[in-house]
Each structure stands twice: as structure tokens, then as C-alpha cells.
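Let's take a walk through this one together. Pull up the model, and we'll start at the metal and work outwards.

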Amino acid sequence: MKTLREYIKEAEEKKVAIGHFNISNLEGLHGIYKAARKLSEEKGYKIPIIIGVSEGEEVFVGKEEASSLVRGLREKDNYPIFLNADHHYSFDRFKESLDAGYNAAIIDAVKLPLEENIALTKKCVDYAAKLKEKGNKDILVEGELGYIGTSSKLLDKIPEGVPDKTMANPEDAKYFVNKTGIDLLAPSVGNIHGMIKGGNPKINTKRIKEVREAAGVPLVLHGGSGISDEDFTKAIAAGIAIIHINTEIRVAYKRALEKSLEDNPTQVAPYKYLNTTVDAIEETVYKRLKLFNNFE
Ligand SMILES: [Zn+2]
């Protein structure tokens with residue numbers, strides 16, 4: 001099987017994006033994986049996916065558990081499913097994920113001044129390189145530049161200054177990548193975490209192009225939930241290689257769970273009242289995968 005790095009390169013060449021989907025539990029993993037398998041079967045080749053766990057999700061699922069689950073599926077089915085430590089804020093948490101066998105990790109030091117962001121990110125890149133030297137598999141490190149917010153939830157309005165004052169600029173992107181040696185960059189390009197009631201801001205595709213060119217590494221679009229299909233397609237064409245979806249999955253899961261509990265008030269077997277949550281996640285992810293891989 002190709003490495004995640006190779007799949008990302010291939011996605012860039014094909015002008016598609018790899019879907020990155022977060023999980024909080026096994027239902028999430030099953031729903032996402034079922035969607036990917038279904039589309040792969042329809043299209044006749046294996047469509048790569050990335051499973052993400054944030055610091056909070058990772059505590060709930062368990063680091064070793066997440067790692068074993070994803071690796072187990074990958075090896076059992078020879079399927080390109082990879083695990084990413086999504087938004088890890090400290091070196092220690094970042095290191096723990098890598099030690100647990102993740103394929104990729106994001107060091108999110110964007111709240112720090114640029115030079116401090118660079119120093120912490122560089123420390124993480126160096127650690128991943130050290131693991132590689134020791135014979136571990138290739139591990140990708142992602143850094144973040146510009147404000148994209150922190151919460152995958154429903155928001156009332158767009159935070160002040162977004163996106164004009166908060167976007168990553170090409171010069172900083174180039175400087176940041178050169179100084180840190182990151183493999184992937186998550187720039188702010190009008191995207192924001194969470195879903196905004198009145199609609200999410202527009203994605204600045206011109207800025208994506210400029211940043212991709214200046215940075216010289218593949219770009220990751222965070223805060224995918226709430227972005228229009230049209231904006232996604234344009235963002236991929238402009239140079240986005242990976243897209244993160246979390247809030248949409250959370251919303252689908254919760255709605256399905258609420259309905260299921262309402263419909264089955266006396267049912268106590270979790271696998272009987274949670275199965276519709278798997279279906280709801282599968283449906284959400286299937287649509288996104290189709291779009292990200294340029295299928296009608
Ligand atoms: Zn994110």
C-alpha cells in the first residue's frame with residue numbers, strides 16, 4: 001500500500017481532496033469506513049480516508065484504542081485508512097500520539113506569536129524525524145497559520161475580523177514552512193471551525209493558490225462543515241489536498257440518536273438504538289467523499 005504522503009501527492013495531481021473525518025466513538029469509525037468502502041466499491045478503486053481525533057476525542061476514544069482500531073482495519077482489508085492527531089496543542093500530547101503509532105499529527109500553536117509557533121512546530125517536526133530514523137513508518141506533521149477558531153460546534157455568528165484580518169498570507173506561509181520543515185500546512189483562507197447559523201464565510205480561492213505556491217507543501221482545509229459544495233470544488237481546484245469534516249458528523253449523530261431514543265423508548269440494547277447513528281454518519285460522509293473526489 002502507498003503511504004499517506006504518496007496518497008496526498010496523488011490527490012494533488014488528480015485535483016481531488018482526501019476526506020478527514022473525526023470520530024468520538026466506534027459508531028463514528030464504522031459510519032465513516034462504511035461510506036468509504038461503499039464509494040470505493042462503486043468506483044472500483046480504494047479511496048483513501050483519514051480518521052481524526054482531537055485532544056478531547058482522543059481522551060474519550062483512547063489513544064492506543066484509536067491507533068489499534070484504524071491500523072486493524074488498514075491491515076485486515078489492505079485499505080488506505082489513516083489516523084491523524086487533530087489539533088494537538090502541546091509537545092507532550094503531540095509526542096504521545098506519535099508514540100501510539102499515528103500516521104500524522106497537527107501541532108496547533110497558532111495562538112502563539114509567529115516565532116513561538118515556529119519553535120514549537122519545529123520541535124514536533126524534529127521529533128517525528130527522530131522516530132522515522134529509528135525505523136518507524138513515515139509520519140506527517142501539519143502546522144497551522146492564521147485564525148480558524150477552535151470549536152466544532154454551532155455558532156450564532158461569524159467571529160469579528162474573520163476572514164479579512166485572520167487569513168494566512170503567502171509570505172508568512174513560505175517563511176513558516178521553511179523554518180519548520182512541516183509536511184502539511186493548514187492555512188486560514190476564510191474557513192472557520194464549526195457551523196454558523198447565518199452561513200459560513202466564503203472561501204478565498206485566490207489566497208489558497210497564493211499560499212500553496214509560496215508554501216510548497218500540500219494544504220489542508222479545516223472547518224469544512226458548513227462550506228458550500230461550490231466552494232469546496234473551487235478550493236480543491238485551487239490547491240487544497242485534505243478537507244476536515246467534524247461538526248456535520250456530530251450533528252448527524254446527535255439527530256439520529258435523539259430520534260432513535262424517541263422511537264424506541266423501551267429499548268436498552270445499545271447496538272439496537274445506536275445503529276441508526278452509524279447510518280446517519282455513513283450518509284453524511286458518503287456525500288462529502290463523493291464531492292471531494294469529484295464524483296457527481
Ligand atoms: Zn481543524
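Three histidines hold the zinc ion in this predicted model: H87 and H193 each offer NE2, while H222 uses ND1, with distances of 2.0 to 2.1 Å. Read along the sequence, the donors follow the pattern H-x105-H-x28-H. Take H87 and H222 as a pair and you'll see distant parts of the chain being linked, with the two positions 135 residues apart. H87 sits in strand β3, whereas H222 belongs to the loop that runs between β9 (219-221) and α9 (229-238). Neither is out in the open: H87 and H222 are both buried.

Now zoom out to the whole chain. You're looking at 12 helices and 10 strands. The radius of gyration comes to 18 Å, close to the 19 Å that the globule rule gives for 296 residues, so the chain is as compact as a globular protein of that length. Its C-alpha atoms fill a box of roughly 60 × 50 × 35 Å along the principal axes. Of the 296 residues, 56% are buried. Among contacts with a separation of 6 or more, 74% come from residues 24 or more positions apart.

So what's inside? The largest nonpolar core counts 72 residues, and I49 and L185 have the most contacts within it. Helix α6 (residues 114-133) is the top contributor, giving seven residues to this core. Apart from it there is another core, of 15 residues, whose members include A11, I18, I50 and L184. Back at I49, look past the neighbours within four places in sequence and you'll find contacts that include I18, G19 and F21, then I32, Y33 and A36, then Y79, P80, I81 and F82, and L289 as well.

L185 brings us to strand β7 (residues 184-187), which is covered on both faces. In a regular strand, side chains alternate between the two faces of the sheet. Here L184 and A186 are buried on one side, and L185 and P187 are buried on the other. Strand β7 runs parallel to β5, and four bridges join the two. One spot to check by eye is E144, which stands opposite A186 in β7.

Two helices are worth a look for how they sit against the rest. In α5 (residues 91-99), the buried set is F91, R93, F94, S97 and L98. These span an arc of only 165 degrees around the axis, which puts them on the same side of α5. What covers them includes the helices α3 (55-61), α4 (63-77) and α6, along with the strands β3 (81-88), β4 (104-107) and β5 (140-145). Just after α5, G101 adopts a positive phi of about 100 degrees.

Helix α8 (residues 205-215) buries R207, I208, V211 and A215. Their arc is only 105 degrees around the axis, which is why they lie on the same side of α8. Turn to the face pointing away from that buried side and you'll meet the exposed residues K206, K209 and E213. The buried residues of α8 pack against α7 (170-180), β7, β9, α9 and β10 (240-245). That list takes us back to where we began, since β9 and α9 are the elements on either side of the loop that carries H222.

Note on methods
Residues are numbered from 1 along each chain as its sequence is written. This is a predicted model: local features need pLDDT of at least 70, side-chain atom pairs count only at pLDDT 80 or more; totals for chains, interfaces and linings use all residues. Side-chain values use heavy atoms; hydrogens and water are left out. A nonpolar core is a set of buried Ala, Val, Leu, Ile, Met, Phe, Trp, Tyr and Cys residues joined through side-chain atoms within 4.5 Å. Buried means under 20% relative accessible area, exposed over 50%, partly exposed in between (1.4 Å probe, protein chains only). Contact means heavy atoms within 4.5 Å. The arc is that of the directions from the helix axis to the C-beta atoms. Two strands pair if DSSP finds at least two bridges between them. Donors are N, O and S atoms within 2.8 Å of the metal (3.2 Å for Na, K and Ca); water is not among the atoms, so sites may look incomplete. The radius of gyration is taken over C-alpha atoms; the globule rule is 2.2 Å times the number of residues to the power 0.38.
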